[in-house]
Amino acid sequence: MGDTVFSKIIRKEISAEIVYEDDEVLAFKDIAPQAPIHVLIIPKKEIPTVNDINEEDAPLIGKLFLVAKKLAKEFNIAESGYRLVMNCNKDAGQAVYHLHLHLLGGRKFSWPPG
Ligand code: 5GP
């Protein structure tokens, strides 16, 4: 059992505003939202970073994007647009070492990112 904050959210040891859950994936609102819509989509499997994804994880990683697409539609940002972000390690600013896909929307984003 992992001890990241996201493992604790999966185990329901700490609360989160959950917006999607199935046996493999959990999605919940970010505690410090960077946009009007800011959801974190995570695998229940403990994968620390993108560097730790294996071949066998390909369907699971694909599912994170399918959940992102579904939630974008539900939150009415599918047509206006949204950004999906997965930070890996320190230079990208990864703070929680349990793989997570950020779904951000409801405002315009600049490019390149800071
Ligand atoms: P990272 O920088 O690792 O890509 O993103 C981690 C994200 O997790 C941050 O956006 C941060 O606000 C969010 N976060 C950290 N701790 C918690 C928590 O306890 N609950 C929720 N809902 N989000 C969290």
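## Salt-bridge exercises

E21 is partly exposed, with 36% relative accessible area, in this predicted model. Let's work through the salt bridges, beginning with that residue.

**Exercise 1.** Find which side chain meets E21 in a salt bridge, starting from K12.

*Solution.* Step one: recall that side chains of opposite charge can pair when their charged atoms come close. Step two: look at the side chains of K12 and E21, which form a salt bridge with an N to O distance of 3.0 Å. Step three: check the cut-off, which is 4 Å for a salt bridge. Step four: follow the shared partners, since K12, E21 and K44 are joined into one network by salt bridges.

**Exercise 2.** Decide whether D22 is buried or exposed, and work out where its salt-bridge partner K63 sits.

*Solution.* Step one: D22 has a relative accessible area of 17%. Buried means under 20%, so D22 counts as buried. Step two: the closest N and O atoms of D22 and K63 are 3.0 Å apart, in a salt bridge. Step three: place the two residues. D22 lies in the loop between β1 (18-21) and β2 (25-29), while K63 belongs to helix α2 (residues 58-74), 41 residues apart. Step four: K63 is partly exposed, at 22% relative accessibility.

**Exercise 3.** Explain what the salt bridge of K63 and E24 ties together.

*Solution.* Step one: the side chains of K63 and E24 meet at 2.9 Å, N to O. Step two: K63 is in helix α2 and E24 in the loop between β1 and β2, so the pair ties together parts 39 residues apart in sequence. Step three: E24 is partly exposed, with 35% relative accessibility.

Terms used: Residues are numbered from 1 along each chain as its sequence is written. This is a predicted model: local features need pLDDT of at least 70, side-chain atom pairs count only at pLDDT 80 or more; totals for chains, interfaces and linings use all residues. Side-chain values use heavy atoms; hydrogens and water are left out. Buried means under 20% relative accessible area, exposed over 50%, partly exposed in between (1.4 Å probe, protein chains only). Helices (H or I, at least four residues) and strands (E, at least two) are DSSP runs, numbered from the N terminus.
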